[in-house]
Amino acid sequence: MKRQLLLLLLLCLAVAAPPATAQTAEDSLLSGETTGALTVAPGPVSNIQLKDTDNDHGHSVTLSWEISPDDGAGLNNVIGYEIYRAPSMEGPFVKRAGVPAGSHSHVDVGSKEKDSPDYMEDYIDYYYKIRTITADSAVYAESAVAGPIQSYGQWFNTGRVPVLIFVACFLALTLYFINRAKGGADLYVRPLAGIGAVDEAIGRATEMGKPILYVLGLGTAADIATIASYTILGRVAKKVAEYQTGLIVPCYDPIVMTVAQETVKASYADAGRPDAYKEDMVYFVTQSQFAYVAAVNGTMLRDHPATNIYMGKFYAESLILAETGALAGSIQIAGTDEIAQIPFFVVACDYTLIGEELYAASAYLGREPLLLGSLKAQDYAKAGVILIAVVGFILLNFGVDGFKEFFFVSN
Amino acid sequence: MNGSRWMLIILIAVVALFLVSWAIKSFPSSGVTVSWSSIRHAFFVTLAAFVTLAIFSFLYKDNPYYKFAEHLFVGVSAAYWMCVGFWSTFVGNLIPRISPGLSKFFGVPYKEFTFYYFVPLILGILLLMRLSSKAGWLSRWALAFIVGTTAGLNLIRYLRSDFISQVSNTFVPLLVQWKGAGAFFSDFSLASGGQFTLMLTNWVIFIGTFCGLIYFFFSKEHKGVFGAASRVGIWVLMITFGASFGYTVMGRVSLLVGRLTFLFDDWLGLLN
């Protein structure tokens, strides 16, 4: 009888006690307690959508899903999701990434290098599943397997349409002005002080009987600044050949040296003095930045060039070179498109071509239709930029944001 | 005494100081065992200090010690970069993709035969044709390919990063969070998040870009209003260059501090 009364009492207590709520379960989970009552797995994610990632070179799949009903609601015990990938429905599934709770999508990017352990092959089937995880590693829920999906690259990146439009416009402008220049039109380019000084400096070197030092900088043969510098070097070399002045061109890059040798050789031939050209006028020093500077500084102090011309791409060595040249008493003309180095040339050189003035100088000195045409095209592109900037600025200030979005270029 | 005798005396003094420094560095303190590695380490630290001081001597004038350091620096670096180029580009990249036999010879793992790698190989051989007086013209093909291809690639890169992106960054509101003149003047501070500072920043961006572009417009003489805008542009540029100059000089000072730390700590041991 006593036992029956005790059972009845326990039954009453059980009915009277409040039910275990989701909130209490969550609190315990977050605090790291794992009791039998809390091993309730959250709901899995649903509606997994797979697609090849747009506008890429392949080796990537984009996943999107509807989050677990227990992510921010329900049991509210989801702390994140783990993405798994397999080459077949049955597996083996390999964990690819983890994303925090609340995430709806993920881009699974693999390597395109075949010898990489993360290599992701294009045009083969992949299957994905997503594990909804909680603070307890043993408590999770897995989605249904989604797939198959294949990754592949796109031939055309639609995110870069603005670049295509600008390239097309720029090319059209360039071709138009080159044709005009070839047709004999007089394309005006305003005089630049630094360019006028080149002839003056060559004359001074001739009078003094001292050589001209021409430094092409640390750029590669394909840098725009180096290409512009070749044209100026060609012009200087031609004058030097005519006046029979010495020319010293120490090079940092072997390819630059090769192109510079060709340029100087052609200029000497143009001046009718091919016999005066010596290959060691243009020589390779080293590809170590400061060793190169040490060598050029030594040349400045030992050969005493009357004029130092620095045209091209320069880095930390710019001030060391220009200061040594100033110390040696040479006339110095510099030009670079490296914004951080222009201040050093401005303070230490007699003339400095700032940024695009270097490109203009090559066109101005060369007076070739190709160069003049491209310079004119650049000018009109700048005018276009000013116009677009003014329009964009006005529209933005009147609350129209769409115009700005057109200029967004994806990676 | 004539100049050459002075030079000889200075040379003997420098060599003597070098040897003394080496000896002191080799026997640092009592109780420490002297080994070949400590003697070798002392030699290289002393040599590095000597070469550093030789380079610094250029501040006085060109001299034989600077010449020695310069030639050593140039020679070693040229050889070093040639070795790096050979082992990283030729052996590291090319060989494992064209020949299993050569890969084995150089001790690098063979990856797989890739036909495309013959293109740079052929271009490289063409470049070396310069060494021949008869076939030297062939090198121009390789040069044309290198310059043309990379210039074309650079065009796209510049257009994207230096042109289009910068255009869109110029679209800035000139009235940031405008709440009327009263609110504007009540928040008339130079705090970075303040309304006045935000508006001033946007005005400077817009006017600076506008006038800077006009300065770089070469098809028209800078006269009248155009000239005035151009002058504003050059002022904006010069202020920017001034700030950049100061910032970079600070970086250079840190390089100097690095060398002085080497001399006073690693060599002389004067710093804790």
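Reader: What is the relative accessibility of B:Phe106?

Author: This is a predicted model, in which local features need pLDDT of at least 70, side-chain atom pairs count only at pLDDT 80 or more, and totals for chains, interfaces and linings use all residues; side-chain values use heavy atoms, with hydrogens and water left out. Residues are numbered from 1 along each chain as its sequence is written, while chains are lettered from A and ligands numbered from 1 in the order in which they are written. B:Phe106 counts as partly exposed (between buried, under 20% relative accessible area, and exposed, over 50%, with a 1.4 Å probe and protein chains only), because its relative accessibility is 22%.

Reader: What kind of pair do the rings of B:Phe105 and B:Phe106 form?

Author: Rings of Phe, Tyr and Trp (its six-membered ring) pair if their centres lie within 6.5 Å; planes under 30 degrees apart count as stacked, over 60 as edge-to-face and the rest as tilted. The centres of B:Phe105 and B:Phe106 are 5.2 Å apart, and B:Phe105 is exposed at 66% relative accessibility. The planes of the two rings stand at 85°, so the pair is edge-to-face.

Reader: How far apart in sequence are the parts tied together by B:Trp87 and B:Phe106?

Author: Over all chains there are 29 aromatic pairs. In one of them, B:Trp87 and B:Phe106 have ring centres 5.9 Å apart and planes at 85°, so this pair is edge-to-face. B:Trp87 belongs to helix H3 (residues 64–98) of chain B and B:Phe106 to helix H4 (residues 100–106) of chain B (helices, H or I of at least four residues, and strands, E of at least two, are DSSP runs numbered from the N terminus), so the parts joined are separated in sequence by 19 residues.

Reader: Which ring of chain A has the charged end of A:Arg85 over it?

Author: A charge sits over a ring if NZ of Lys or CZ of Arg is within 6 Å of the ring centre and within 35 degrees of the ring normal. A:Lys129 is one such case, over the face of A:Phe93 at 4.6 Å from the ring centre. For A:Arg85, the distance to the ring centre is 4.7 Å, and the ring is that of A:Tyr126.

Reader: Which residues share a network of salt bridges with A:Arg85?

Author: The structure holds 18 salt bridges over all chains (a side-chain nitrogen of Lys or Arg within 4 Å of a carboxyl oxygen of Asp or Glu). In one of them, A:Arg96 meets A:Asp118 at 2.7 Å, N to O; this pair links distant parts of the chain, from strand S4 (residues 94–100) to the loop between strand S5 (105–109) and strand S6 (126–133) of chain A, 22 residues apart. Both partners are partly exposed, A:Arg96 at 22% and A:Asp118 at 30%. The network links A:Arg85 with A:Arg96, A:Asp108 and A:Asp118.

Reader: What area is buried between chain A and chain B?

Author: Contact (heavy atoms within 4.5 Å) joins 72 residues of chain A to 58 residues of chain B. A:Arg190, A:Arg302 and A:Phe393 lose the most area in chain A to chain B, together 11% of what that side buries. Carbon and sulfur atoms give 71% of the buried area (accessible area, 1.4 Å probe, that two parts lose on being put together, summed over both), and the area is about 5900 Å².

Reader: Which residue in helix H3 of chain B meets A:Arg302 in a salt bridge that crosses between chains?

Author: Four salt bridges are counted between chain A and chain B. A:Arg302, in helix H7 (residues 289–303) of chain A, is partly exposed at 28% and meets B:Asp62 at 2.9 Å, N to O. The partner in helix H3 is buried, with a relative accessible area of 4%, and bridges A:Arg302 at 2.7 Å; this residue is B:Glu70.

Reader: What phi does A:Gln244 take just after H5(A)?

Author: Chain A has twelve helices and 14 strands. Helix H5 (residues 224–243) has 20 residues and reaches 29 Å from first to last C-alpha, close to the 28 Å expected (1.5 Å times one less than the number of residues). Just after this helix, A:Gln244 takes a positive phi of about 60°.

Reader: What percentage of the residues in chain A is buried?

Author: Among contacts in chain A with a separation of 6 or more, 65% come from residues 24 or more positions apart. The chain has 411 residues, and the buried ones make up 50%.
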